[in-house]
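Trainee: I would like a close look at a single part of this protein. Please take that part first and then place it in the rest of the model.

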Amino acid sequence: MEHAIYLVTLVGTALVVAAAFSSLIAFRFGAPLLLLFLCIGLASGVDGLGIEFDNARVAYFAGSLALAVILFDSGFGTPLNALRQAAGPALSLATFGVILTTGLFGAAAYYLLDLSWLESFLLGAAVASTDAAAVFFLLRAGEINLRERVRATLEVESGTNDPIAIFLTITLVEIIAAHANPETHVLVTDLILGFLLNMGLGAVVGVLGGLGIVRLVDRLNLDHGLLPIFVLTLSLMVFAAAGAIGGSGFLAVYLAGLIAGNSDIRAVTILKRFQDGMSWLAQIIMFLILGLFATPSQFPAIMVPAVLLGLFLMFVARPVAVWLCLIPFRLPRPEIAFVSWVGLRGAVSILLAITPLLGGLENGRTIFNVAFIIVLVSLVVQGWSVGPLARRLGLIVPARLGPLDKVELELPGSAHHELLAYRVAPGSPVARGERIPRWARPSLVLRDGRSMRFQDMGRLAAGDQVYIFVPDRYPRLLDKLFASRAVVDPEDADFFGAFAVDPARSAAELEAAYTPGLSEAEQKLTVGALVTARLGGHAEYADRVLIGPIELIVRDVDDKGKITGLGLSFEPTAPMARVPVFLSAGEIGDRVSAFIRNWRKPTETQTAEATANEKALEPTAEKITTEG
């Protein structure tokens, strides 16, 4: 027994270490990290090194707890401004998008696999949600600086679509396991009522749980080493409590993290660091367990239809669902295309595919194997193409800040202040003489191994270490002051225009200088207000507005979304987006319209030529008739 404990511990830790080392490979080559984790699990399983693991209940239990930890961290790290910015499109995708994807995919699965309609929709529900961890690792590993609106939409969608997919999957498993064959209207009614009850209870428990976590952390004077464990345990209690009363535990734990992360919770820096590490550990454990549970030797029997279904999901089901969901929001075509493509399937899909095995369904193993292959196809095909597609669609913008050397220190006994340590970077604004704002209190400066008061140092120099007391919800202005100048790619040198424009200047001056054709009402606005109005009331970094012969580019915005910097260009400098035709219904419509126009054009030309020839022959015919 003792020997078995050592052996299991050795093997388990070795797998975790191998997965951690594989992240270095992923960061180096931009490979999907989830794919590496799954491959390690597959290589260690029954068809690889011979580790037998066939306990579906343990796999589902461990995966569910790991997913709860990941969702709490995802909510904790989602700022409210991102939620407000992308709430409409993201929630539409997380609800109607999941349902539409389930329906479209289920119809295709019915004709490609030997499954019933309900089993086909069950498989569709299992693979309908996206994997946030895989998506954002690829964005970080590839150093992809996406537009804020696109990034926020993907973040919020990936954090909120799992509960809906989980509800659909579990409900369909229960119906099939009970050998029920309900009529369509009865099934739809039960699903709607069950969904509202499940999501409603989960939302209530999540909101109350998040508020309770914040209150307990502020009231209890716990040791900083114990505090992160206390918060993590409370989050799992919220998850379990919601599930115990029939609600969505996954929605509850995400909302609890969202509320806790956007409140004035104590020791927020310590909590973020701890949860980041726990989220990584949860992902590694979940992916390895799911990889161990799979049996690759069973894949060849269903490989062809599974690959076809994976391609159908990427090229048809997901793009159609995204297009239909985003119609009311009038997003640009490149952004819709990118959201359509970045729908990577991951551990959640594999985890949900275990539920048919738990329910004892006859085709449970087939559903699991098909879902596993679809995840692999998604990661292989989509995983390496996220960066190139973002560049092709013109959704990558130059970095706003250069490298930043900052350390956040929690102050004992202070709930609302932090101590930040900045190293002055060469070329940064403070190194060039910019003043530190009054709300920040510099206290100490280290230079050449000596410590001195800030007031005695004079002008800061590159390499100085500055310690500053700030409120824990400090503005991003300090980061801008201490960061070095961003390195701009030569291709982006003219991205923000050749001239700077003061957003506070009157728009009438633009009309006088460039005559872009502004109305009288627009001329009464400031240039910044004019750009904001042309953008529909919300401006973000790198937005562009074409006004007559000039183009105005948003160079910077403050924390409240107000434009603080504008560029002006006489020629459009943004890259022309080339949208793949299969990712955009609008692009398909344009291609079809162009084909019809080109098809009609030769016919119309031939008709016009024939008419001209007839008119040219009329005098000759008259002459012949007269002479005759």
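In which helix does Glu522 lie?

Mentor: This is a predicted model, and what follows should be read as a description of that model. Glu522 lies in helix H20, which covers residues 520-523. Its relative accessible area is 19%; the cut-off for buried is under 20%, so Glu522 counts as buried. Leaving out residues up to four places away in sequence, Glu522 touches Ala507, Leu530 and Arg534.

Two of these names lead on to other parts of the model. Ala507 is at the start of helix H19, which runs over 507-514. The loop between H19 and H20 holds Thr515. Thr515 has a positive phi of about 45°, although it is not a glycine. Most residues other than glycine have a negative phi. Unlike the buried Glu522, Thr515 counts as exposed, at 57% relative accessibility.

Leu530, the other name, belongs to a nonpolar core. The largest such core has 129 residues, and those with the most contacts inside it are Leu123, Ile213, Ile265, Leu309, Phe338 and Phe372. Helix H7, residues 148-177, gives the most to this core, with twelve residues. A second core, separate from that one, has 17 residues, and Leu530 is among them, as are Leu552, Val557 and Leu566. Glu522 therefore is a buried residue that touches a member of the second core, Leu530.

For comparison, consider two residues away from this part. Leu35 lies in helix H2, residues 33-44, and is buried, with a relative accessible area of 9%. Leaving aside neighbours within four places in sequence, Leu35 is in contact with Leu376, Leu379, Val380 and Trp384. Leu35 and Val375 are 340 residues apart in sequence, yet their C-alpha atoms are 8.8 Å apart in space. Phe372, one of the residues with the most contacts inside the largest core, is in contact with Leu38, Leu42, Leu290, Gly291, Ala294, Phe299 and Ile350, again without the neighbours within four places in sequence.

Asp448 also has a positive phi in a residue other than glycine, near 55°. Asp448 is found in the loop between strand E3 (441-447) and strand E4 (450-452), and is exposed, with a relative accessible area of 73%.

The model also has enclosed space. There are two cavities of 30 Å³ or more, and the largest has a volume of about 50 Å³. Residues lining the largest cavity include Leu93, Thr101, Glu157, Asn161, Arg318 and Arg345. Helix H4 (80-112), H7 and helix H12 (303-326) are the elements that give two or more residues to this lining, and H4 gives the most, with four. By residue type, the lining divides into five nonpolar, three polar and three charged.

As for the whole protein, there are 22 helices and nine strands. Of the 628 residues, 47% are buried. Among contacts between residues at least 6 apart in sequence, 75% join residues at least 24 apart. The accessible surface comes to about 30,500 Å², with 62% of it belonging to carbon and sulfur atoms.

Key
Residues numbered from 1 in each chain as written. Predicted model: local features only at pLDDT ≥ 70, side-chain atom pairs only at ≥ 80, totals over all residues. Heavy atoms only, no water. Core = buried A, V, L, I, M, F, W, Y, C linked by side-chain atoms within 4.5 Å. Buried < 20%, exposed > 50% of the residue type's maximum accessible area, 1.4 Å probe, protein only. Contact = heavy atoms within 4.5 Å. Areas by Shrake-Rupley, 256 points an atom, 1.4 Å probe, with all protein chains shown as cover. 1 Å grid on protein atoms, 1.4 Å probe; cavity = no way out; pocket = protein on both sides within 12 Å on 5 of 7 lines; lining within 4 Å. Points joined across faces, edges and corners; volume = space filled by probe spheres on them. Nonpolar A, V, L, I, M, F, W, Y, C, P; charged D, E, K, R; others polar.
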